[in-house]
Amino acid sequence: MLGIHGDNAPINTERPALVWTIAGSDSGGGAGIQADLATIQDLGCHGCSVVTTVTAQSSVAVTLVEPVSAAMLMAQLTTLLSDLPPKAIKIGLLADQTQVALLADWIASFKIHYPSVPVIVDPVMAASCGDALAVDNCQDIKSAAKSALDFRPFKGLIELITPNVLELGRLTHSDVSTKAQFAAAALALSQSLDCSVLAKGGDVIFGCTDILDDTHVQTHASTYAQTQANAHKSNGWDLALAEDYLVCRQVRASSKLHQNGRFWLASQRVNTRHNHGSGCTLSSAIAAVLAQGFVLQDAVVVAKAYVSQGLSAAIGLGQGPGPLARTGWPNDLSRYAKIRQCDGNFISHQLNQHLDVFNDLVATVLSATDQATAQVRIASTPFQNILSHGFKVLDADLGVYPVVSDLTMLESLLAASVKTVQLRIKTDISELTTTAPAEFDLGKSALGKSKSGKFELIGSELEVQIQTAIALGKHFNAQLFINDHWQLAIKYHAFGVHLGQEDLAVTDLAAIQAAGLALGLSSHSYFELLLAHQYSPSYIALGHIFPTTTKKMPSAPQGLAKLKHYVMLLKDHYPLVAIGGIDIDNVAKVKATGVSNIAVVRAITQASDPLAAFIQLSQIWEQS
């Protein structure tokens, strides 16, 4: 049997995640409930609907908006919850303030029993044709929309709100005509609602147009012509790009590195008039991805890529803007946004990791000059422009890639013709601060903790071990990667360096590249693998796949389903290495995801015979 998109993949028989959409009905089928349900199914979930409003609309006009009664709204919510509890909820058009208050009360009660179910709000105020949608019973459409709904009853109850330019301005009662004002308003909204915000800049050209002014009501067709005529920068915006601003606020299950970060997400603008329902599609796609266990940052970048694909393939159905095409899970890397960190949260996290643990070690571990250099490097340089040519391209797949911590085991593996191996030495201080102090300055010794509880210099011993390991790698003509200690790797001409993303703020990547070293980068999510991609490393590690006891992990295990998604996106671009909890019992399942390489720690280092364990794993890997 064929899959949903007509390919030869077998139909998935697993029970799909349930996603609710609480929104208005679009009789034209391009937006609202109809667009949400199509999106949710297209991304592998089952959609349930709670209708808030019935609209009479087509691709060119909205002629009537009629809210459902409070009794009907509550009956839908109660009936659904008794049988089909959701994994995620998307809220779209709410007709009036009464519906906002009623739904906020319901969510507060719902969250008592389902605290981890994410709720996404798309504060819809206008249709793609330019007509306002929110009505307040007896008021006419335009006078009602001039006083935007108050979403403050949702404070602390939702995970994300997704306003566009006009909605952001109205929600914050602020001028958002410049890019800086847009970002400031998004941050203010995040603080006022106590949630994350995805401020959508794709329709930034509306910034100077009030759709409620009769002299400026216009369709997306005329807006498209305006876009074509304004392909230049305006008020800080690059009109060739669709730039969104993501403000993260205590994102659940995210690594500490990004859970409170702020990011610009930039994609090539798709200049098409057929964008009916793009906001509905984005928010429901975010909900669908969240329902499948991805973190919020992942859901946002996947949904944004999905919308980009849908806009590119969209066709017209009526006289006005047509709906987005439904194109399945996005696996085209070019559709994914470039990510740029735009504040000091990442730097602060990094410096705190190194400086807050032991204040008396500040001068030794990281000098003021080092701190300033790290801040300038990250705060002022877009990720994608750090290195123009990327890192060494590996000639072959890595296969089974052992990660070891001592020289004896390293030498035995190399002597047995293991061609790719990683040395991961963690000093006592590095276990507390994520990255070993020896990385910062070769002229300083690393600090270790003695049995007496005091700190003593161990840098010389660390340096000797790494120097010896690199010499062994060269002797056996192997690809030896040094974990973390990039300066020592450069000094003794290692084959490569492996870094975690938390190391990037205090690492001189240009120096690694100039020295001709290969670079491997860890990732724990879609968001992090996209960040890794922007550095053009030699390989990207994906994990941790299964629970692991070898180190404290910043995120939940990724699992095989997520790994398969990551492989589909990146397999044609990098050697990919699955890592985390992989052993003889699950190695065949890992291979079935399509990943070409695995890094193994515990299954080798804790084996009674590490070499025999490596050989057995390699045989199973090749035969799977």
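In this predicted model, helix α9 and helix α18 (residues 526–533) pack against each other at an angle of about 65 degrees, with their axes 7 Å apart. Because angles of 65 to 115 degrees count as roughly perpendicular, α9 is described as roughly perpendicular to α18. The contact brings together Gln-297, Asp-298, Val-301 and Val-302 of α9 with Tyr-526, Phe-527 and Leu-530 of α18.

**The nonpolar cores**

Helix α9 (residues 296–312) also supplies ten residues to the largest nonpolar core, which is the largest share of that core. The core as a whole has 101 residues, and those with the most contacts inside it are Leu-265, Ile-286, Tyr-526, Val-590 and Ile-598. For Ile-598, leaving aside residues up to four places away in sequence, the residues touched are Gly-399, Val-400, Tyr-401, Val-577, Ala-578, Ile-582, Val-587, Val-590 and Trp-621. A second core, separate from this one, has 47 residues and includes Leu-73, Leu-168, Ala-183 and Val-197. In soluble globular proteins, nonpolar side chains tend to be buried together.

Helix α8 (residues 278–291) has 14 residues that should span 20 Å at 1.5 Å a residue, and this agrees with its end C-alpha atoms, which are 20 Å apart. Of these 14 residues 13 are buried, so α8 is largely enclosed by the rest of the structure. Just after α8, Gly-293 takes a positive phi of about 95 degrees.

**The ten-stranded sheet**

Ten strands form an open sheet with mixed pairing, in the order β3-β2-β1-β4-β5-β6-β7-β10-β11-β12. Its edges are β3 (62–67) and β12 (338–341), each of which has a single partner strand, so one side of each is left without a neighbour in the sheet. Three of the pairings within this sheet, together with one between strands β19 and β20, are set out below.

| Strand pair | Sense | Bridges | Residues opposite each other |
|---|---|---|---|
| β4 (residues 88–91) and β5 (residues 119–121) | parallel | three | Ile-91 and Val-121 |
| β6 (residues 160–161) and β7 | parallel | two | Leu-160 and Ser-196 |
| β7 and β10 (residues 241–247) | antiparallel | three | Ala-199 and Tyr-245 |
| β19 (residues 518–523) and β20 | parallel | four | Leu-521 and Ile-540 |

Strand β7 (residues 196–199) is covered on both faces, since Ser-196 and Leu-198 on one side and Val-197 and Ala-199 on the other are all buried. Val-197 of this strand, one of the residues of the second core, lies 9.6 Å from Val-121, C-alpha to C-alpha, although the two are 76 residues apart in sequence.

Val-121 is found in strand β5, and with a relative accessible area of 0% it counts as buried. Not counting residues up to four places away in sequence, Val-121 touches Ile-91, Phe-151, Phe-154, Ile-158, Leu-160, Ile-161 and Thr-162. Ile-91, named among these contacts, is also the residue that stands opposite Val-121, while Leu-160, another of them, stands opposite Ser-196 in β7.

**Strand β20**

Five of the five residues of strand β20 (residues 539–543) are buried, so this strand is largely enclosed by the rest of the structure. Tyr-539, Ala-541 and Gly-543 point one way from β20, whereas Ile-540 and Leu-542 point the other way. Ile-540 is the bridge partner of Leu-521, and the two strands β19 and β20 run parallel, joined by four bridges.

Key. Residues are numbered from 1 along each chain as its sequence is written. This is a predicted model: local features need pLDDT of at least 70, side-chain atom pairs count only at pLDDT 80 or more; totals for chains, interfaces and linings use all residues. Side-chain values use heavy atoms; hydrogens and water are left out. Two strands pair if DSSP finds at least two bridges between them. The expected span of a helix is 1.5 Å times one less than its number of residues. Buried means under 20% relative accessible area, exposed over 50%, partly exposed in between (1.4 Å probe, protein chains only). A nonpolar core is a set of buried Ala, Val, Leu, Ile, Met, Phe, Trp, Tyr and Cys residues joined through side-chain atoms within 4.5 Å. Contact means heavy atoms within 4.5 Å. Axes are lines fitted to C-alpha atoms, for helices over the stretch in contact, and angles run from 0 to 180 degrees between N-to-C directions. Angles under 35 degrees count as roughly parallel, over 145 as roughly antiparallel, 65 to 115 as roughly perpendicular and the rest as oblique.
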